[in-house]
Amino acid sequence: MAKVDTAGIPAQRWLAIGSVLVMVFAVFPLTLAELASGSGPLLAPTGFIIPVTRPAAPAVAQVQQPVTVQPKLDAQNLLALFKEKNFTLDEVRTGERPVPRIVLAGLPRDLGKMDSVDDRKQIFVNTMLPLLLLVNEEIERDRARLMALRDSMKGVPADAAAKAAVTAAPTPANANAPIGGTVVTAAVRTPAVGVTPHAAADPAQTATTPTPGAAMSPLDQVWVARLAARYGMDPARKIDLDALLRRVDVVPVSMALAQAAEESGWGTSRFAQHGNALFGQLTWSEEEKEGITPRNRHPGDTSRFRKFEDLLECVRVYMQNLNTHDAYAQFRATRASLRRQGKPLDTMLLLNTLDKYSELGPVYVKAVRSLIRTNNLRDFDQAVLHNEPQQIVVQVKRAS
């Protein structure tokens with residue numbers, strides 16, 4: 001093999017050869033790596049794209065308040081925790097003290113074994129109040145944004161709309177009264193299945209400041225479409241914002257408390273203990289994990305009581321049920337009527353519309369109404385959450 005004489009090669013040629021070697025062994029591999037990872041600069045339209053296999057993008061983390069997780073507690077230790085946090089129901093009833101953001105994942109397994117009926121009821125109400133107020137808070141947040149968009153499309157300035165809402169509403173729970181007729185066209189077709197309320201943050205959930213009389217922004221249109229899908233409306237069709245507002249509304253605390261107590265035996269039933277099922281919601285799913293079979297189920301009946309991961313999910317689904325199911329259309333219509341009149345949400349009046357909630361019909365409504373009166377549950381309709389940023393999540397000793 002002939003030898004190459006490098007002695008006579010000029011310095012410029014060495015520099016050129018070195019540059020080529022740097023490009024081949026350093027720059028090209030780095031560029032390919034950037035393309036494969038998605039971190040490199042965007043290619044021009046005339047550039048080429050190297051096909052690569054990328055891992056699935058990680059889910060966006062849910063935006064939540066800071067939490068403090070407590071160890072697993074039994075019923076007596078829960079009473080001690082409520083006392084430590086100054087969570088006394090008498091002061092909540094009178095409005096002297098707000099409700100702390102204590103979120104129980106479930107009910108303690110020894111709740112039904114407590115000697116004192118008053119203690120059992122106290123633990124149940126102390127458990128339910130923060131959950132009900134938290135879910136109503138979520139609904140009110142969406143409702144406020146939806147009202148602002150509706151009013152802006154009608155040419156109502158934000159300050160005037162806010163003043164009108166305050167004038168028409170003597171209580172925080174009565175701050176939103178729909179007034180009929182605004183329709184928008186959804187920007188995207190969003191399926192209702194799989195839309196989880198208040199799950200991950202995304203650009204469409206970022207509130208904007210609407211301009212009076214202006215068309216809805218694309219970002220707001222996407223948000224409205226998703227909200228409509230979540231509340232059982234077809235986002236592919238024109239969305240009546242007032243019809244949507246009749247669904248996006250809170251449930252009176254006293255009514256929810258009474259229904260939960262009636263359906264779960266104040267949290268001591270097998271369905272509440274083993275499935276976080278507080279409101280008697282049924283499922284016809286064939287998957288075992290979806291429900292608990294009642295012991296006295298009639299032959300041919302395939303329904304079961306639906307199970308939930310935690311109590312907060314149970315409360316969300318309960319309110320979603322009242323706000324979307326056809327059986328409770330009269331409930332929503334009566335609530336909207338109270339809003340238009342600037343009246344507070346009357347639990348006893350709204351209860352009259354829930355005769356289809358149970359197969360017992362009017363007998364069920366009478367039982368819930370009696371429970372509300374006997375336990376003075378309407379005192380809690382004016383309860384408010386503490387404005388502290390911290391949320392305390394409590395794990396309990398569950399039934400085996």
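**Exercise 1. Burial and pairing of aspartate 249 and arginine 335**

Determine whether aspartate 249 and arginine 335 are buried or exposed in this predicted model, and describe how they are paired.

*Solution.*
Step 1. Aspartate 249 is buried, and arginine 335 is buried as well.
Step 2. The two residues form a salt bridge, in which the closest N and O atoms lie 3.7 Å apart. This separation meets the criterion, which requires a side-chain nitrogen of Lys or Arg within 4 Å of a carboxyl oxygen of Asp or Glu.
Step 3. Aspartate 249 is found in the loop between α7 (241-247) and α8 (253-264), whereas arginine 335 belongs to helix α11 (residues 329-340); the pair thus links distant parts of the chain, 86 residues apart.
Step 4. Through shared partners, salt bridges join Arg143, Asp249, Arg335 and Arg339 into one network.

**Exercise 2. Two further salt bridges**

Describe the salt bridges of arginine 101 with glutamate 137 and of arginine 97 with glutamate 91, and classify the accessibility of each arginine.

*Solution.*
Step 1. In the bridge between arginine 101 and glutamate 137, the closest N and O atoms are 2.9 Å apart. Because arginine 101 lies in the loop between α3 (89-94) and β2 (102-104) and glutamate 137 in helix α4 (residues 117-153), the pair ties together parts that are 36 residues apart in sequence.
Step 2. Arginine 101 has 5% relative accessibility and therefore counts as buried. Glutamate 137, at 23%, counts as partly exposed.
Step 3. In the bridge between arginine 97 and glutamate 91, the closest N and O atoms are 2.9 Å apart. Arginine 97 is partly exposed at 31% relative accessibility, and glutamate 91 is partly exposed at 25%.
Step 4. The total for the model is twelve salt bridges.

**Exercise 3. The largest nonpolar core**

State how many residues the largest nonpolar core has, and which residues have the most contacts inside it.

*Solution.*
Step 1. The core has 86 residues, and Met128, Leu129, Leu244 and Leu278 have the most contacts inside it.
Step 2. Helix α4 supplies the largest share of this core, 14 residues.
Step 3. With neighbours within four places in sequence left aside, leucine 244 is in contact with Leu146, Val224, Leu227, Ala228, Tyr231, Met233 and Ile239.

**Exercise 4. Alanine 272**

Locate alanine 272 and decide whether this residue is buried or exposed.

*Solution.*
Step 1. Alanine 272 is part of helix α9 (residues 270-275).
Step 2. Its relative accessibility is 0%, so alanine 272 counts as buried; the cut-off for buried is under 20%.
Step 3. The C-alpha atoms of alanine 272 and phenylalanine 308 are 9.5 Å apart, while the two residues are 36 residues apart along the chain.

Terms used
Residues numbered from 1 in each chain as written. Predicted model: local features only at pLDDT ≥ 70, side-chain atom pairs only at ≥ 80, totals over all residues. Heavy atoms only, no water. Helix = DSSP H or I, 4+ residues; strand = E, 2+ residues; numbered from the N terminus. Buried < 20%, exposed > 50% of the residue type's maximum accessible area, 1.4 Å probe, protein only. Core = buried A, V, L, I, M, F, W, Y, C linked by side-chain atoms within 4.5 Å. Contact = heavy atoms within 4.5 Å.
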